Every structure is written in C-alpha cells, then in structure tokens.
Amino acid sequence: MRNQELVQVGKSALKVDGRELVTGKAKFSGDFNFPDLLHGYACRSKIAAGYIKDIDISQALKVPGIVDVVLPKDILGGNIVGILPPYDQPVLADKEIRYAGESFCLVVGTSVRAAKAGARVVIATIEPIPPILTIDEALAKDARKIHAAGNITVSKKLIKGDCAKAFAESDVILEDTFETSNQEHAYLETEVVCAVPYGDGRITVHASCQSPFHIRGHIAANLNVPVANVKVVQAYTGGSFGGKDDTATEIGSLAAVAAVRQGKPVMISNEREESIVGSTLRHASRIHYRIAAKKDGTITGKEIKILLDGGAYAAESPFVAMKALIHSAGPYKIDNIKVESTALYTNKTYCGAFRGFGVPQVTFASESMMDELAKKLKMDPLELRRKNALKPGDLNATSQVFQESVGLIETIDKVIDLNRSYTLPSKKQDRYLYGTGFASMYQGISNGAEGIDVVGASVQVMQDGSALVGIGLTELGQGSRTVFAQIAAEVLGISLDKISVKQVDTDTVHDSGPTVASRSTTVGGMAVYKAAGEVKRSLLKMAALMFKTEENNIILKDNFAQLVFDENAKIPLNDVCVAAYWTGFPLMNLSFSKAPEAKYDQDTTQGNIYIAYNYGTHMMSVRIDKLTGEVKVLKHLAVHDAGKVVNPKAFEGQVEGASLTGFGLAHLEKIQYREGVIINPNLADYAVPTIKDRIPSETISIETYNPTGPYGVKGIGEPPVSGAAASFANAVAKATGIRFKKLPITRQVILEAINRKK
Amino acid sequence: MLIEFICNGKEISVDVLAEMRALDLIRNELLLTGTKCGCSKGECGSCTILVDGIPECSCLLLAPKLQGKVITTIEGLEGADGELHPIQQAFLEEGAVQCGFCTPGMILSTKALLKKNPAPTVTEIEEGLSGNICRCTGYTKIIKAVQFAALKLKGSEI
C-alpha cells in the first residue's frame, strides 16, 4: 500500500449520501410513518434525588388516546442499561431518582400530543433527599452513597519512572488546578428511535444512533429475548458526537418494550429539553497538575490528579477516565509520570462520550501549564513544546513506542513557520488586547484500553460492475460512508458512482462495537479494504483467464480490467463480473478487521494501548475588547498529523467542525444548574456557536504513513476539539496577561478579570 | 378548518385543527419530511420553510396561517428532471453538508437571502443564516457554499 499510486484515496470525493441530504429525502428516524404508529413520552423527575414512593397512572390511562403506561415492572428483562460494568443504570428509575430529568415511566399514546397529555397527569410521589451535586460533596467522608458501592465510579493510575526523584532533582516546579464544565452535544437531531414489530417474530428498531450493536444487546436483555431476535437498523443520524451511544440504548429498549406490549410500532422522539437533561453530557472536571523541569526546558516529571464529575450513572465514565489518564501528560517525552484519574457519581445528568472523550479537559490543563512553564523559563512556548515533543522511537506516557507516523514536530514546525509570516494588529489601539496562543495535543486512535477493536465489512460486486459495501460502523455526518466507498473503489478499480454504501443493519454484518475513538477510517477502512481485496481476487482470476495471462499482469482501473504493460488492452469490468459469476467465482466477501490488541499493565497503565496517535498543534490569535470582554478570533491554524488523508475536503470539515466545538467548550458553552436542575435546557440559553460565532479555521495536514491503517490512514474526528479549546485559553491568557483556570472562559469572565486587574 | 395554499407549486386544500403547527401539517399530513424539527422553539432553524419567499420557523407558525400563502419546502427545490437546485449543488460540492439535519433549513434560508441579495458579503451571509444552527461543519463551508451558489446564480431568478 505504501507509495502506491492512488486514484480514489486522497481525492475530495463528494459525499456519497449528500444528494439525499440536500434534497430532504434522507430518512431520519423521526421520518418513519406507519398507520398504527404509537408515540412514547417519558415522565421525568423534576428533582435531583429522591425515593420513589408511588407512581399513580390511573388518571393518565383515562386520557383519550392513551393506550399504555410502561412502568419499571413491565420491563421483563433486567431494566438495565449501561454499556460497561458496573451496569448501574435502570431504563426506568424504580426505587430511587438519581438526577433531575431521570425517567420513571413511559406514557404511550396515539399521538405525541396525547402521550404528553397523559404524562402530565401521572402522579409521582417522590420523597426528596439532599442531592450530592459537586465533586467535593461526592468525596466527603460521610457522603451518602449514590450507588451501593459508593460515589467513586472508577479510579485508575498511570505510573512511569520515579516521579518523586524527578521532582526532587528538578530546577523548576509549577503547580495549579484547572476546571472544566459540562458540555452538551447539541446535535441538531435529538435522540429518536422507532421500534417496529414487523410480524416476523422479531423486533426491528430504526434508530438515530451511534452504536447499533449496543442497542441490540440492550433491547434483547430488557425484552428478555435472544439477541438474535432483535434487529437494529441505523437511520440517517443527525449528528451524535458520542451522545447517541448510551441514550439510544435507553430509549431503544423502552420503545421496544412498548412496541412488543402493543404489537404496534412505537416511536420515542426526545424533545430538545429531554435531549439536554436526559442524555449524556461531557464530563465536568477538576485537574490538579504539577510539572517538574530543568532550566533548559526539559520536562522531567508530571504529577496529575484528575477528578471527573460523571453524574448519576457510570455510563462511559470508566473509559473516559482511562482516556484522560493516558493523555493527561500530553504529547511529550517525559520519563517520570504519575497520574490518578477518578470518575465520581453526583446527582446530575449522567456523562458519557463526547468528541474528545476526556482529552479536551486534560489538554486544557496540560497546555495551560506548558505556557506557564515557558513563561517561567522565559522560553518561547513553541520552542518548549518542540524540545519535549515525542518523536518516532520515543516512549510516550504509557511507554509505547511508535517507530513511524509520529508527526508532532512537523506540526509544531509548520505553526512556527506560518506564525512567522503572521503579525497581530498593532497593540496601540487602547480598546483592544491582542494575543496568540498555541497548543499541542495527541489522541489515541482505536479502542485501545477499552477492549477488543474489531470491525466487520461486506463487499459485494454485481454483474453490472457495481459494488455494495456494508459495514458495522455508523455514518453520523463525519463522512465515513464516503471514505469506505473511496477505499472500496480504490481496491476494485470501480468508479465511485457505481459504489453504494449501506447504513448499518445489525443482521448483515459482524458486531463491530461502537463507532468511537476516531477509529472508523483506520479499523473500519481496513475491514473494507480486506473484503474488497477478496472480491478483487475473483475478478483478477477471471480477467486472467479471459486475457490468458497471469493475474499479476492485470490491474483493475476505471471500471476496466487492463493489462499492466498495455493500457489499451482492457476488458470492461462488468464483462469480467458476468464471466466470474457464471464461472462460479465468489463475488461477495464478509471480512473482518482486528486492530492489534492493547497489552499493558493494569496497575501502572504501562504498555501498548493504541494502534496509532493523531498529533496536532493549533495556533489561535484573538482580539479582546477591553470594554465588553468580546473576543474575536482573528486566526486559527489547526495542523494535524492524521496519516494519509482519504478525503481532503471531508478532512477539513472534520477539523473545522471539531474546532468550533472546542471553541464552544472553551468560550461559550456551559450547562447551568440550580439545586441540581439544569436551568438552561434549550438552544437559546445554552450557547451553541451560531454562524456569527464561527472561527476562521485553516486546516493543514502533515501526512505521515501509519502502518496500521489502510493506505497509511489514521483518524481526525475528535482531536481538533482539544487543540482549539487549549489554544483559545492560551491566546486569552497571552492577550490579557491573566491565566484563566476554568472553562468556559466566557466574555463575562474575561471582562470581570480585566476589571479586577485594573 | 379548511385551508388552501400553494406548496411547492401544488395547490393544497386541507382540513386542519386551529392549533396545529405548520411543521406538523407539513410533516405528518403532507408527508414532506425534509422539513426537520430540532427544538420546537424557533431557536435552531431546522424547520425553516419559505412563506411567500420569507424564511419562517414552521414550528412557531400555526397551520391556519398558511391560508392563501405560497410556501416552499426543501422538496420544492429539485427540478422536475431530478436536477439539483444550484444552491443544493453548491452545498454538496463545497462539503457544506455533514449530518444533513440542518441542511434543508440552511438551504431555504440561503434561497431567501440570495433572492433578496444576489451578491451578499460574508457579514450579510452570516446575518442571513444566523437563525440556522449547524453543529457539525463549523459553518466555514456553508459560507463558501452560499458564495458559490451566488456566483452560479448571478442574480438569475431563483
């Protein structure tokens, strides 16, 4: 694959599902319609903690159009969701309410309107108990236990070298504490599922979701039926960013239970407020950071304590805590590292995956500290990063070594180079402050420490020379269907217009786990590459017979089989396909890709974890209005080593989108609570960036060759969030001379700090 | 009550409840599901339709208000021969579509903008699309798509 001349990979192909999307024909879960469709609407707690004494549904059942109210006892299986151990979350709260917004019954009616009317007259008697709302309250010695095992969900350690010695022998020690707030995914389409008993003895669920196989397992468990009786088909999904993983299992199970009870299709479509209060958020965090260095800028040790506020249920906290642990020391060669990463329960909306998965929080802390260290040592911040940057052959935080595809220094050099030709406007105008900030980051690609990483894919070539690709990973807007089509097209020599990529149907492909960890292009791409390669063998074999030559004399290109040494000697691929079919050569393959397994010590988190890392360096220049605190981003460079880029335009789209999410995290977005109740659960009071908030991101790719991905690819979906958020914080610090230690650094926060400083 | 209006060039005569939202009429009765519901509060713009050429959030509009109006939904843009409208083509070509849920509303707001202002500046584009939220793209490619569409249309009748 290395140095191969590529026809499809590396080109900005148009999105293969784009036509459906621009015409409004794409069918999202909420667009399904059945004549006997019922709608489910959940009753949710208005308080953060309490014991459920009684749920009176008698009035609700009298409301016209109400056909059923599903209570916890009606869930015949375990009444459990939760992707990972400890599996601590009920589908419907049974005895105890653990967060405001938790659902305790589902009202089912002939219309949404009816279901809501029914839900309004359900009488819940909930005895309030004092909620535990902060990290400190959860950690207090005499704290009430939110779950039987206590308030610590998980605690992990990373130990490399001898930190005590490194700190003792250092020239400089810096220490500080950083905090970040909850962030809401705010995908434009809320969570929607539609469960349909098609009368085939099974239950089918059309879902807006990220991980159909998770949903399938949970539905089966909660229905108490074999998994083989459940089919989940992903519908077009209006964004996910990590958020439609846990939540989709919850409402997917509920809709399935309701549908089986009625023998009719049931849709649950979360309202915007439900989508904010009743589905996962990004973990809020508190990170204590110590850094030891020599006078020349060599970082000799890092000691980090991470506390993640995970809300009421474990959800993906164990994995987020692990990812934060592994990434907290940053993309640097440091011999002595000691990290403890702990996730806690509080009586708030539960937290889970969100683009970046713990990395944005720790990168903000890490990169703020890097700038402070540079200031202390009077070094250029980019030089300090460059001096400590990981290179091929270095041991990273987990002592994993990559001999190639470690492009961090190249990303730093690119920023140094481009920054040289950029000058901030004159600082003479009194009203404005200007500053440029930098941040380097890395992010592991693949499930890594989260367990086995496998993806199934199918490739089927038809007699007319077209091909159908199936895959177990979901398209969420990131463009993976297009990337998979490009890879299949590259292998088979078939043009993109003849390739169709199915949405995920759990019946047709191997359980591929969740669509997470920026792994689609790498691990999923490899599965498609392998499946297409198997079919290609049939085509080459057939073409060789037709040409009366050896297979290695033939290439497949532009919908033809042609001789390597004579490009005019060619046979249309559809003729080869017809012949292959009638000769009995297989034209379909179901393939399987397995990433190299993580092997590491559980106590120290030392060993090989990810199959590759994405490396990046961001630069952000801001102008701050001293009178209003308003921030304008004048320049943003996002330089990443994401391996070979399959689709440059889609790549830019990922960087631009993820960067704005990082900017939102750093500057605009904050979930606000009063007594544990979210008080801004809408898109007016919760500030998702609008077009007027956009930042002028410039995307630059430093291509390295990653041997674990097809054609040398890595991934890009998540990493820019961290880079943008951390470089924003450093830019504001540079402009104002004030170090802000808590995200978001809003306009108001900046203004207040400037006024205090005066 | 019976209301009559023109939707995507077709005369519609339909019986509606006084309190029905235009969004529900369009999606559930006319089965034009390209119009999306993202918040039901007029905050996200996913449900944008054109009413006499002016973009409106159909979630905030009562169905009876459509009486006598000419409305356009995303389904009304594609040519009879399946040819994409230049704005749709521009969104596709510029990579301005990711998950696509905001796209119908974005495209309709763009159409209204370009009809009023065939050569908008970046600031005018931002103003014109400020009611439509997109969480995927970061908006940069959406701006490019609008500029590209403006160039293609050059003020021709849209």
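Rings of Phe, Tyr and Trp (for Trp, the six-membered ring) count as a pair if their centres lie within 6.5 Å; planes under 30 degrees apart make the pair stacked, over 60 edge-to-face, and the rest tilted. By this rule there are 17 aromatic pairs over all chains. One of them brings together A:Phe28 and B:Phe101, with ring centres 5.2 Å apart and planes at 80°, so it is edge-to-face. A:Phe28 sits in the loop between α1 (18-23) and β1 (38-44) of chain A, and B:Phe101 in the loop between α2 (86-93) and α3 (103-116) of chain B, so this pair joins two chains. (Helices are DSSP runs of H or I with at least four residues, strands are runs of E with at least two, and both are numbered from the N terminus.)

All of this comes from a predicted model, in which local features need pLDDT of at least 70 and side-chain atom pairs count only at pLDDT 80 or more, while totals for chains, interfaces and linings use all residues. Residues are numbered from 1 along each chain as its sequence is written, chains are lettered from A and ligands numbered from 1 in the order in which they are written, and side-chain values use heavy atoms, leaving out hydrogens and water.

Back to the rings. A:Tyr610 and A:Tyr613 also meet edge-to-face, at 5.4 Å centre to centre with 80° between the planes. Both of these tyrosines are buried, where buried means under 20% relative accessible area, exposed over 50%, and partly exposed in between (1.4 Å probe, protein chains only). Ring pairs tie them into a cluster with A:Phe402, A:Tyr442 and A:Tyr615.

Chain A also has an open sheet of 5 strands, in the order β7-β17-β16-β15-β8 and with mixed pairing. Strands pair if DSSP finds at least two bridges between them. The edges are β7 (152-160) and β8 (172-180) of chain A, each pairing on one side only. Inside the sheet, β16 (residues 299-309) and β17 (residues 336-344) of chain A run parallel and are joined by 9 bridges. Helix α10 (residues 359-377) of chain A packs on the sheet, touching β8, β15 (284-293) and β16 of chain A, and its direction makes about 145° with that of β8(A). Here contact means heavy atoms within 4.5 Å, and the angle, on a scale from 0 to 180 degrees, is taken between N-to-C directions of axes fitted to C-alpha atoms, for helices over the stretch in contact.

What about the nonpolar cores? Such a core is a set of buried Ala, Val, Leu, Ile, Met, Phe, Trp, Tyr and Cys residues joined through side-chain atoms within 4.5 Å. The largest one has 139 residues, and A:Leu373, A:Ile624, A:Phe728 and B:Phe91 touch the most other members. Helix α10(A) gives the most to this core, with 8 residues. A separate second core of 53 residues includes A:Val469 and A:Ile554.

Finally, a few backbone oddities turn up. Most residues other than glycine have a negative phi, and most peptide bonds are trans. Still, A:Pro85 and A:Pro86 are joined by a cis bond, with omega about 15°, and the bond from A:Leu743 to A:Pro744 is cis too, with omega near 0°. A:Ser405 is not a glycine, yet its phi is positive, about 60°. At 8% relative accessibility, A:Ser405 counts as buried. A:Tyr711 likewise has a positive phi of about 60°, and at 4% relative accessibility A:Tyr711 counts as buried.
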